[in-house]
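Got the viewer open? Let's walk through a few strands, one selection at a time.

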Amino acid sequence: MSPIAPVVLSLTLPAVLGPSVAPLQEVVLTDVRGARVQVFDALGRRYVDMPAQGEVRFRAGGACGWHEVRVLDASGEVLASTRFRLKAQTSIQHPSGEFTNLLRLCVLSLANREVAVLWRDRIYRLFISWLRDNTHVLKAVRYFEAHVKDGIDLFRESQRDDGMIWDFVTYRNHAEHFWESLYTPLRFFWRTGQDDICFVRMPVENDVEYLFVEALYYAWQATGDDEWMKSNLSAAMRALEYSLNDPLRYSQKFGLLKRAYTIDTWDFLGVYDTIDEIGLCISPETRFGVMFGDNTGYAMSCERLAEMLEHVGRGEEAKKYRQRATDIRQRLIQIAWSGTHFRHHVSEHPEFQRDFGVNEAEQVSLSNAYSLNRNISQEQCQAIIRTYQRLRDSLPAGSPGEWYMIYPPFPRGWERHAPLWEYMNGGVSPIVAGELAHGAFEHGFEQYGVDILRRVLRLAQQTDGRIRFCYRGGGFEQPKRSFQSVAITEVSGMSLTVPPAPGKLAWMNLPEQGNDLHEMPQGEQTFAHIPFVLGSACIGLNSQWGQREVVLPVNATFASLYLLHAGNKPGTGGLCGMLTFVYDDGSEHTEYIHVGTNVSGWVFPQQPSRDSRIAWTGRSSKWARVGVVVTGFNNPHPERRVASIRLQAVPNGSSWAVIGVTTSDAPVWFPPDAISFGGPDEWAAAAVAYALIEGLAGVKDRNTAFREVEIAPRWIAADEPQAEVCVHYPASDGYVAYSYHYLPEKRLIQLTVTGSGERARVRVPLPAGTRATAVRVGEKSVPVVMEQIEDTPYAVFQLDSLLPAVVQIEYSE
């Protein structure tokens, strides 16, 4: 972590615009002539008042905007002044940089997509066109983007008269398919007749109304706009009432929200409940049940609505929603809490048995992770977290982590929409990881939260460098098979390097030294579970400058053949070579080698579409990423002896490099792709980002626009002795920033804190078995109390100002 250089201000130069300064960045004032120096933030609050000398140093803080620096004489008259602009931006910096990198990957996904909707003469800017996804993204993207109101405005303006909220918005040309045909009779499709806009509600879903309230709450916090929030309260209350009044949404039997049998919160039905051959529709005859996540989410939104009502002086109405949240949780615990986790579906019709091939009572689904952050009890949170830890310690083969959409998955009944170990049926998602990590940080399992975030980062680095919505959950075993390498050394005419080895062509006939595969390993190597024997040269096929045809003697039977190779396609159609099996009886079978289909270019290689994997990547002197792929070809006649393999160039100028050849006695097999499918990556990235920001960095808004904030820097759990954190709302310019230093040799933790708001509750984790002996803010001692959450002691105290201050926490056993 490189220190941020100070900003130098000179009073002898006019500050026409003034430089930009980050919170807690050091400012050096030069050429000071006077008695005192004072600095005022954008709200006019003085936060520096010190004797003047030739050079004055201070750390910037307070409200964002223009700060004024004044030099006064002994009588208090202003002798000179200058200014600078304080600009905040969400960031995390620390020495190892791993969580800095993880946050960067999150932001890459969050910045990936935006939807603009023109309706009724207004352009609405959404992050995702589905309200559900937009809400879950909003919990983190509000720390990076300013336009957080539009989604709430759009779905408020389109709200149905009975309070129902639509699932998503689409254009007419995208809606002329089964949604309109199936959903219009159910009143779940609305062609507005304006600007080609249509709204759709997924019939099985029962989370949209509480998610509308959740989104309203997030946007209100980020903007601090009380009047706007107040204008949305009627819609929010009507939405929550709809969930209790519509017979398709509320279970009179259980007094809880209900839905048809879906996998947790997802919108597809299994084979036993499908009535439309698609698995999306419901009717009054549908067999309903309680999905606990709908209810923990609804209860949390009741409390958020109550908080907003209380804020605008409507306390009596707020009491109703707080009581409703309590009642919902109590009734839910009675039917769905198992002691270790919530059962994901409790049927209203237990006499009807579905044979999904799994013990449903043992299944742990993703809303357990969500519920950790929805005000359930500490005992329930502890039990859920320990359930996930037990799962982590007994993962199935090939699993990337315990963050399952549901585990164990359904062996049957969901093949149409979610095959085994994919998506909602046993897929592994950073959505679960983020919510689980956030809950672990909040409930005394801080090291487990750190462990989760580190493994998410590793997973992204080991796949494609991005945080994806879902990964395959495992469940595969490598087949038993043997391999035989085919020798190509004697016929290899092209070197892997530039310049080439003596008597060989340069790699791809290129002139630039080092623009090659010189980093590629040699000898016995295994790529994508396929072994090869590699030398320093390869077969270089090109009809103009390379080898035209190469024949490899085989004289063996085999079921499949694997090539380690790369192509280049200056010619048309991507065809760059031909592979032919020549059998003993004189018959032949030819495979055509196409770039993009079964081979890739060697510069920035992409995985081909058929039976291939990227095998190796490195760097060259010209390109940041070069590489080769391994491709499998099934032998259509494995019972026949293959006399030879013929490799041919094609007369279009294309090049084909064959680096290794291996046969196998089993059909082509590669491990399934690590990345699954199902939803937007932004949703997953947001869950991880909010765990980083609110959990590890520990910054949580306890009011709006960070006017009142909680700061709980949990870096001690990550063995990070130092961190610089800034969390910012672009919508309001509210922010909090701190610098953290852990000094165990002095039994001291030091924080430098500032922000745009008024006060903070600070909760500092200490080493296990210790307690705070003193807390000083500057030279002033402040009261401190100890809280114990599981094994973690927290020193808790108040800051009555968020103007820059140095805080020292002393501790002992």
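Start by selecting Glu 68: Arg 83 in E8 stands opposite this residue. Keep in mind that this is a predicted model, where local features need pLDDT of at least 70, side-chain atom pairs count only at pLDDT 80 or more, and totals for chains, interfaces and linings use all residues. Residues are numbered from 1 along each chain as its sequence is written, and side-chain values use heavy atoms, with hydrogens and water left out.

Now widen the selection to strand E7 (residues 65–72) and strand E8 (residues 78–86), which run antiparallel and are joined by 8 bridges. Strands here are DSSP runs of E, at least two residues, numbered from the N terminus, and two of them pair if DSSP finds at least two bridges between them.

Zoom out to the whole sheet: 5 strands, open, ordered E2-E8-E7-E4-E5, with mixed pairing. Strands E2 (20–21) and E5 (46–51) are at the edges with a single partner strand each, so one side of each has no neighbour in the sheet.

Next, jump to strand E29 (residues 575–583). Of its 9 residues, 8 are buried (under 20% relative accessible area, 1.4 Å probe, protein chains only), so the rest of the structure largely encloses this strand.

Add strand E30 (residues 588–594), which runs antiparallel to E29 and is joined to it by 7 bridges. Here, Leu 575 faces His 594 across the pair, standing opposite it. Between the two strands of this hairpin are 4 residues; click Gly 586 for a positive phi near 90°.

Last stop: strand E33 (residues 642–648), paired with E29 in the antiparallel sense over 6 bridges. Select Thr 580 and you'll find Arg 646 in E33 opposite.

Key:
Buried means under 20% relative accessible area, exposed over 50%, partly exposed in between (1.4 Å probe, protein chains only).
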